[in-house]
Amino acid sequence: PSTYPKNRFNFMHFSDQFELKMYKKLFPGVVPILELRDPRDVCVSSVFYFKKLLDQFCGPDADFNERLSYTIQCQERTLNFCPLFFFKGALEMIEMINPVILRFEDLIGPQGG
């Protein structure tokens with residue numbers, strides 16, 4: 001539907017430009033919010049969060065620096081731990097639907113948590 005309840009948030013994930021265009025058409029009055037995190041933090045977190053998956057690409061004996069380097073350089077669209085692909089998608093979203101941008105670091109504050 002083209003109407004949306006007031007004072008309500010929905011979380012949506014977009015995988016391509018077609019979905020972004022459909023969102024814009026279906027919900028023209030809704031202001032999208034895009035939450036972004038410092039890319040350096042995303043890469044470091046990915047090394048820990050996707051350790052088992054990275055073992056398949058880097059080998060189980062790979063050290064932190066090898067896994068981090070692979071994560072930073074990864075451009076494979078189908079791999080969840082490729083931050084570069086995610087940030088390219090975020091740039092497309094910014095250009096297409098002009099969202100309000102919230103920085104993760106601003107949300108958690110200078111002390112974290």
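Start by selecting Met93, which sits in helix H5; helices here are DSSP runs of H or I with at least four residues, strands are DSSP runs of E with at least two, and both are numbered from the N terminus. At 8% relative accessibility, Met93 counts as buried (buried means under 20% relative accessible area, exposed over 50%, and partly exposed in between, with a 1.4 Å probe and protein chains only). Now add Leu34 to the selection: Met93 and Leu34 are 59 residues apart along the chain, and their C-alpha atoms are separated by 8.4 Å.

A word on what you are viewing: this is a predicted model, in which local features need pLDDT of at least 70, side-chain atom pairs count only at pLDDT 80 or more, and totals for chains, interfaces and linings use all residues. Residues are numbered from 1 along each chain as its sequence is written, and side-chain values use heavy atoms, with hydrogens and water left out.

**The whole chain**

Zoom out and colour by secondary structure. You should find six helices and two strands in the protein chain, following the pattern α-β-α-α-α-α-β-α along the sequence. Of the 113 residues in the protein chain, 27% are buried. Contact means heavy atoms within 4.5 Å. Among contacts between residues at least 6 apart in sequence, 60% join residues at least 24 apart.

**Pro83, also in H5**

Next, select Pro83, found in helix H5. Pro83 counts as buried, at 6% relative accessibility. Which residues does Pro83 touch, not counting residues up to four places away in sequence? Show the side chains of Val42, Cys43, Ser46 and Thr71, and you have them. Val42 makes a good distance check: its C-alpha atom and that of Pro83 are separated by 6.7 Å, with their positions 41 residues apart along the chain.

**Helix H2**

Follow Ser46 from that list into helix H2. Ser46 is buried, with a relative accessible area of 6%. From C-alpha to C-alpha, Ser46 and Leu68 are 8.2 Å apart, while in sequence they are 22 residues apart.

Now select the buried residues of H2, namely Val42, Cys43, Ser46 and Val47. Turn the view until you look down the axis of H2: these buried residues fall within an arc of 140°, so they line one face of the helix (the arc is that of the directions from the helix axis to the C-beta atoms). Rotate to the other side of H2 to find Arg40, Phe48 and Tyr49, which are exposed. The buried residues of H2 pack against H3, H4 and H5.

**Where H2 meets H4**

Show H2 (residues 39-49) together with H4 (residues 64-73): the two pack at an angle of about 120°, and their axes are 9 Å apart. Axes are lines fitted to C-alpha atoms, for helices over the stretch in contact, and angles run from 0 to 180 degrees between N-to-C directions. H2 and H4 are therefore oblique to each other; angles under 35 degrees count as roughly parallel, over 145 as roughly antiparallel, 65 to 115 as roughly perpendicular and the rest as oblique.

For the contact itself, display Cys43, Val44, Ser46, Val47 and Phe48 in H2, which meet Phe64, Arg67, Leu68, Thr71 and Ile72 in H4. By class, this contact of H2 with H4 has seven nonpolar, two polar and one charged residues (Ala, Val, Leu, Ile, Met, Phe, Trp, Tyr, Cys and Pro count as nonpolar, Asp, Glu, Lys and Arg as charged, and the others, Gly among them, as polar).

**Helix H4 and Arg67**

Stay on H4 and select Arg67, which lies in this helix. Is Arg67 buried or exposed? At 6% relative accessibility, Arg67 counts as buried. Leaving aside residues up to four places away in sequence, Arg67 touches Val47, Lys51, Leu54, Asp55, Cys58, Gly59, Pro60 and Ala62.

The buried residues of H4 are Arg67, Leu68 and Thr71. Seen down the axis of H4, these buried residues fall within an arc of 100°, so they line one face of the helix. The buried residues of H4 pack against H2, helix H3 (51-58) and helix H5 (83-97). Flip to the face of H4 turned away from its buried side for the exposed residues Asn65 and Gln73.

**Last stop: Asn98**

Finish at Asn98, in the loop between H5 and strand E2 (100-103). Asn98 counts as exposed, at 61% relative accessibility. Check its backbone too: Asn98 has a positive phi of about 50°, although it is not a glycine. Most residues other than glycine have a negative phi.
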